[in-house]
Amino acid sequence: MTIQLPVADQGLTWAVTRNEYPLPAADREAILADPGFGKFFTDHMVDICWSKGGGWHRPRVQPYGPIQLDPAAAVLHYAQEIFEGLKAYRHADGSIWTFRPEANAARMQRSARRVALPELPTEYFLDALRQLVAVDAAWVPSTPETSLYLRPYMYAKEAFLGVRPADKIAFYVIASPAGAYFTGGVAPVRIWLSSRYARAARGGTGAAKTGGNYAASLLPQAEAYQQGCQQVLFLDDQGNLEELGGMNIVLVRKDGSILTPDSDSILEGITRDSVLRLATDRGITVEQRPISLAEWRDGAASGDIVGAFACGTAAVIVPIGTLLGDGVEIVHDGPASQELAMSLREELTGIQHGRVEDRHGWLTRLDG
Ligand code: PLP
Ligand code: COI
């Protein structure tokens with residue numbers, strides 16, 4: 001059954017096709033009780049088309065399921081693809097909210113420009129989230145620290161093997177209930193320092209959320225697992241800290257100030273930006289500048305740097321207990337090593353889940 005839902009003020013008319021075979025409620029509840037990360041998907045997905053001549057058109061909500069792609073589709077050959085990640089949170093009164101979605105929409109527009117994809121207007125991005133959450137609201141979990149992870153993405157579907165920006169593009173949103181990203185929960189993580197492989201280069205695509213950056217991180221990520229580590233830290237060609245495979249990094253000093261890399265080849269994390277804001281509100285000094293590995297190592301040895309944490313939408317904020325690499329071992333296990341990370345995590349998740357006042361106006365309601 002397809003119903004047409006006109007969308008006010010936008011010229012986009014959504015076609016909503018309900019999944020006639022949604023997952024039975026008991027199975028869904030079992031998943032929501034222990035969702036893990038990225039393993040289960042809701043009953044529906046959103047799909048908007050773009051063509052060079054027609055612009056954005058045919059917005060649809062449809063049953064979640066396989067996508068048909070021409071074997072010559074450009075994304076399969078030249079990786080013309082971008083994605084985003086944000087979460088929907090259920091508050092105590094049952095309402096559903098998301099966190100700074102305009103920032104994700106804006107970052108997706110920046111990513112699009114870098115890999116020559118069309119920019120999806122912010123209103124369409126927000127409307128796509130609302131449409132999906134309207135049909136899959138039952139998938140937004142209510143247990144503490146869980147959420148519905150929303151994954152908007154865009155790819156080149158034109159069937160053409162010449163190397164140029166594609167003329168036909170698809171935008172989708174899928175959703176996946178999420179608990180802790182790391183299997184150990186928020187326990188301190190071990191990070192592998194990749195000295196052989198870079199994630200991004202000057203002038204490359206490091207600041208864009210594009211699949212190729214993640215493909216480049218998989219071999220060092222496999223090395224990390226072999227070393228008993230959960231994530232990889234990448235450096236730039238000068239030996240300065242960049243970021244982890246899927247998270248930004250922040251160092252904590254003895255005097256309470258925090259340090260985080262400034263680089264035009266890392267992803268500008270919305271979690272990190274929010275954390276820096278919350279820290280500034282607390283009167284904490286925040287420094288964003290190039291940070292060498294030597295500065296971290298020497299600071300940890302002298303006691304000047306007492307802790308570190310990773311931050312991103314999927315993991316939120318997780319303390320870094322150990323950095324391990326060829327000839328490098330930095331351990332943060334002192335009494336102050338986790339304190340700031342955990343209290344910022346508490347404040348941030350408190351805002352996201354509606355337990356702490358949203359004084360910056362970061363929340364957007366998705367339902368109702
Ligand atoms: N860096 C990388 C490479 C990421 O994949 C992510 C996750 O999205 C982040 C940083 C953190 O970004 P955000 O806080 O917006 O999720
Ligand atoms: C996110 O935090 O949203 C990410 O994209 C990290 C990872 C799942 C790729």
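This passage describes how the two ligands sit in the predicted model.

In this predicted model, local features need pLDDT of at least 70 and side-chain atom pairs count only at pLDDT 80 or more, whereas totals for chains, interfaces and linings use all residues. Residues are numbered from 1 along each chain as its sequence is written, chains are lettered from A and ligands numbered from 1 in the order in which they are written, and side-chain values use heavy atoms, with hydrogens and water left out.

Ligand 1 is a convenient place to begin. It is surrounded by 17 residues, the closest being K209, Y214, E243, T271 and T313; a residue is near a molecule if one of its heavy atoms lies within 4 Å of it. By class, this shell holds six nonpolar, seven polar and four charged residues (Ala, Val, Leu, Ile, Met, Phe, Trp, Tyr, Cys and Pro count as nonpolar, Asp, Glu, Lys and Arg as charged, and the others, Gly among them, as polar). At least two shell residues come from each of β12 (241–244), α6 (270–281) and β16 (305–312), helices (H or I, at least four residues) and strands (E, at least two) being DSSP runs numbered from the N terminus.

Oxygen atoms of ligand 1 make polar contacts (pairs of N or O atoms within 3.5 Å) with side chains of the protein: 2.5 Å to Y214, 2.6 Å to T271 and 2.7 Å to K209. The protein buries 96% of the 380 Å² that ligand 1 exposes when taken alone, with areas from the Shrake-Rupley method and a 1.4 Å probe.

Turning to ligand 2, its surroundings comprise F37, F83, G85, Y149, R151, Y181, K209, Y214, G246, T313 and A314. Six of these are nonpolar, three polar and two charged. Because domain 1 (2–179) and domain 2 (189–352) both give residues to this shell, ligand 2 lies between them; the domain bounds come from an automatic or database assignment.

Which side chains offer an N or O atom to an oxygen atom of ligand 2? Y149 does so at 2.6 Å, and K209 at 2.8 Å. A polar backbone atom of T313 lies 3.4 Å from an oxygen atom of ligand 2. Of the 280 Å² of accessible area that ligand 2 has on its own, the protein covers 89%.

Methods. A polar contact is a pair of N or O atoms within 3.5 Å; within protein, one must be able to donate a hydrogen and the other to accept it, and residues adjacent in sequence count only if both atoms are side-chain atoms.
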